[in-house]
Structures are given as structure tokens and as C-alpha cells.
Amino acid sequence: MYNEHITFPKDFVWGTAAASYQIEGAADTDGKGKSIWDEFSHIPGNIEDGSTGDTACDHYHRYEEDIRLMSMMGMKHYRLSLSWPRILPGGTKSAGLNIQGLDFYDRLIDALLEYDITPWVTLFHWDLPAALQREGGFASRETIDAFCDYTDIATRRLGDRVKNWMTFNEPWVFSFCGHFSGVHAPGEKDIRKTLAVAHNILVAHGKSMPIIRENIPGAKAGIVNNLAWVESASHKQEDADAARRWDLAFNRWFLDPLFGREYPDEMVKWYGEAMPEIKAGDFDLIAAPADFMGINYYTRRLVVYDPNDNHIKAKQVYRTHILRAEFEEWEIYPEGLYHTLIRMKEEYGNIPIYITENGTTCPHEMISDDGCVHDPLRVEYLRRHFAAVWQAIQEGADARGFFTWSFCDNFEWAFGFSKRFGLVYIDYEHNLRRIIKDSGHFAADVCNQNGFAIT
Ligand code: FCB
């Protein structure tokens, strides 16, 4: 029988990821201010199951238990995000600092280090202080300065222990889902604002990078993009054009300026009047050298021309025979991760890459009679994506780590608690008890062996 062991490079980083609003709860505890997600989730109709992140997994109070679990699983790295309004309830330095918020992150980081787990911190995973949104949010350039102050405060306080920093999580999702389709906070539908938000986020990223470096000698810093592998669903020219626009708008709109190439011409012309204000020097700021880039990869997009689409005249199509996650639109396509890594190597200078998110939902997850949670689809999903990364590494891609999304089930944004992504099951019916799923045991084994056997 054919049996081979896939082994990852020495020092490959294995971990899990989560984000503040999705797990912390304690929505107005210890002086925390409101975020746009606190407000958005409370508006009826915005969240599929009518839930909010008010309590979520109560990680704010149960973080020690969670870290113990991570440690039991042998996880040596954890990607978390800070809640900006927990630290600056009014968004700005002048509106006042909430020491209790910073104290929480101090305790969290100390606990991680006590268990020998390295923290990787994202500064912005979408929970913008609501007070800043009232002043225009990221569509206003003033928010760039507020973000820099927040970066300064967070890195000064935690930088003695946290060396790995990410500025923003998924600028595309925050700008487009929040300001164009309106399915995420702050729920706007305006292409001009969307593009302004996307641009200002990139500038804020670039401006905050030197602050991180100055406050933390030896820090490693970068941004996290969600990249999708885009393919035309047919050989028709109009579909191929639509797929190209999708790639330009979704991937290259962010990658090109980050790598010093400004926005892709074709899309600049396409957006025309809707283009944001670009100040002299913005592109130099955006292209600030980074130590790594985070990639969140979930699926491929198969695209056709759609004259009714009001963005890029393109839409995603689904084939019925393919294996998919619980979301209809999330085809399970690990080859896309492999291609994306090879693309980063060939087109973007082979910058060191961490897969900062990858994972899936599974239909009908539940606690079985044996008390366990069996999620074979997630095990298979992860196995294939781990293998895709390994294959890309063999071909010279500089992938250095993999954080599974997510450590535990949590508040999945507009889906509320109706979609589970965790390696650890949260029993929302019974005191939020935690149960390591089969996939959690599998990921733990992979992490402990730095690889796995293919049989
Ligand atoms: C990503 C988000 C993350 C989680 C996963 C499923 O887009 O960054 O918070 O919701 O999707």
C-alpha cells in the first residue's frame, strides 16, 4: 500500500485564529465602547438568526479555559484581534483611554505566554468604534490618524511580549460587504464610500507600519488579505473578461498597491467618477515594506458575465457536482490555495506568507451520543488544504505558517451562530461548554507531528 508522510519545514507555524467581536462577548463590560458591529447586530433583520455578539463565546471571561484547551491541543500559535473600542471607547486618543480594556489584553497575552503559545495580533478585524463611524468611519481620512494613535497605544503596551502584528483583516470584505452590498456593518450601499474606505484602509496600513517598527524592535508586521482564486466558467470571451475584472477588483485592487504598483488601470477606468481621493504620497505609504503577508483563503470563484450586476458586470456560478462547504457558494477547492501561493511567488516577489485563515462550516454539526463531535468533512477539508500548502512549498512558495479558522465556533457575522467554523464546538444550549471536535484532534496531530501521513 502507498503510504507517505508529508512533513512541513522546520519552524513551520501551526495555530488557530479568532477575532474579538466573534468570541469575546462582554460587549459593554469594563468600560468598552460600542463598535459598529454592536450596533449593526442589534438592528432586526441584519443577522440571519437574530443573534448578536453580546455574549458570543464569553471568551472575555473564559480566556484561561480556552488557552488551556489550545495548549492541550498542542497549538503553539494563536492569532487574535484587539477590539479597538475596548481600548479607546470613543475611538480617539482625545476621547480617552480605557485602561481596563488594555488590562484585559495584558492578561490574555500573559496567559498565552504562560502556556508557551505565541500571540499574533490583528489590530483591526472589523469592529470599528461606533463613535468614529458617526464621523464618517473609514471613508474619512481622519480615521487614518485615529488608527495610527490606536496602533501606537496597543503596540507600546503589548509590544514587549507581542512581536507579530497584522494591521488589517480583509480590507475587501470590510469595504465591500460593509459599504457596497451592506450585508456587514456599517450596512451602507455606496460605491464611492466603498472605494474611499478601501483606499483609506490601505493608507492607514502603510502609515501604521513604521509606528509598529519604532515601538517594537524586531517586530514582524504585515496585512491580511482574503484572496480568492478566480476562473472563468467558460471559454466565452465575455466570461473571461468578467473573470478578469473579478480578479482585478477582488485581489489585485489590494495586492498591486501594496506591492508598489498602484491600482490596476483597467479598474481605475471602470470606476471612473467613483474613484477615491488619492493624495500625493499615498501610494508610497501603502507600499511600506512588510515582513509578511497574511492570506485568508476559503474557496474559488467561478465567474460568468452578468449584465445586471451593478459592480463589475460579473457573477459567481456554482456547479452541482462539486464538493462544497455548507455555504452554497463555498466550493471546496484546495487547488486554488496552491495556485494563489504560486502566484504570490511569481507575481509578488515571493514575500513570506502565512495562511492566516482557512477552514469550513459543515452541515448538521452536533454532539453525538458518544459525547463527541464528528466532523469528517472539516477533517478532509483541512487535510487537502494543508497538502496544497505543502505542495506549493515544494515548488518554492515561501509559506511559513497556517492558522486554522477558527479555534472555536463563534459569531459568524451576518450568519450569527448558524454557521460553525470551530475546531472546538461551543454548546450554546449548555453554558457554552467546549468540546474538541474530531477536526480539532486531527489539527492537533498535524501540528504535533509537523505534518501527516497520506494513505
Ligand atoms: C473571514 C473572516 C473571519 C470569518 C471567516 C469565516 O472572511 O475574516 O472573521 O468570518 O471569514
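When I say that two residues touch, or are in contact, I mean that they have heavy atoms within 4.5 Å of each other. Keep that in mind, everyone, and remember too that this is a predicted model.

Let's start with Asp 409, in the loop between strand 12 and strand 13. Not counting residues up to four places away in sequence, Asp 409 touches Cys 57, Arg 420, Phe 421, Gly 422, Val 424, Tyr 425, Ile 426, Tyr 428 and Lys 437. Is Asp 409 buried or exposed? Its relative accessible area is 0%, and buried means under 20%, so Asp 409 is buried. What does its side chain reach? One partner is the backbone nitrogen of Ile 426, at 3.2 Å. Another is the side chain of Arg 420, joined to that of Asp 409 by a polar contact of 2.5 Å.

Now please find Tyr 60, in helix 3, which covers residues 59–72. Tyr 60 is buried as well, because its relative accessible area is 4% and the cut-off is under 20%. Its side chain makes a polar contact of 2.6 Å with the side chain of Asp 30. Among the other residues that Tyr 60 touches are Glu 24, Arg 86, Gln 100 and Phe 104. Here is a nice pair to look at: Tyr 60 and Ala 27 are 33 residues apart in sequence, yet their C-alpha atoms are 9.4 Å apart in space.

Next comes the ligand. Which residues are around it? They are Gln 22, His 125, Trp 126, Asn 169, Glu 170, Tyr 298, Glu 357, Trp 405, Glu 412, Trp 413 and Phe 421. By type, this shell divides into 5 nonpolar, 3 polar and 3 charged residues. You may recognise Phe 421, which is also one of the residues that Asp 409 touches.

Some side chains place polar atoms by ligand oxygens: Gln 22 at 2.8 Å, Glu 412 at 2.9 Å, and Glu 357 at 3.0 Å. On its own the ligand has 300 Å² of accessible area, and the protein covers 94% of that.

Last stop, helix 13, with 14 residues, 334–347. From first C-alpha to last it reaches 20 Å, close to the 20 Å expected at 1.5 Å a residue. Its buried residues include Leu 337, Leu 341 and Met 344. What do the buried residues pack against? The partners include helix 10, helix 14, strand 11 and strand 12. Just after the helix, Gly 349 takes a positive phi of about 70 degrees.

Thanks for listening, and do ask me anything!

How values were computed. Residues are numbered from 1 along each chain as its sequence is written. This is a predicted model: local features need pLDDT of at least 70, side-chain atom pairs count only at pLDDT 80 or more; totals for chains, interfaces and linings use all residues. Side-chain values use heavy atoms; hydrogens and water are left out. A residue is near a molecule or strand if one of its heavy atoms lies within 4 Å of it. A polar contact is a pair of N or O atoms within 3.5 Å; within protein, one must be able to donate a hydrogen and the other to accept it, and residues adjacent in sequence count only if both atoms are side-chain atoms. Accessible areas come from the Shrake-Rupley method with a 1.4 Å probe; for residues, only the protein chains shown count as cover. Ala, Val, Leu, Ile, Met, Phe, Trp, Tyr, Cys and Pro count as nonpolar, Asp, Glu, Lys and Arg as charged, and the others, Gly among them, as polar. Helices (H or I, at least four residues) and strands (E, at least two) are DSSP runs, numbered from the N terminus. The expected span of a helix is 1.5 Å times one less than its number of residues. Buried means under 20% relative accessible area, exposed over 50%, partly exposed in between (1.4 Å probe, protein chains only).
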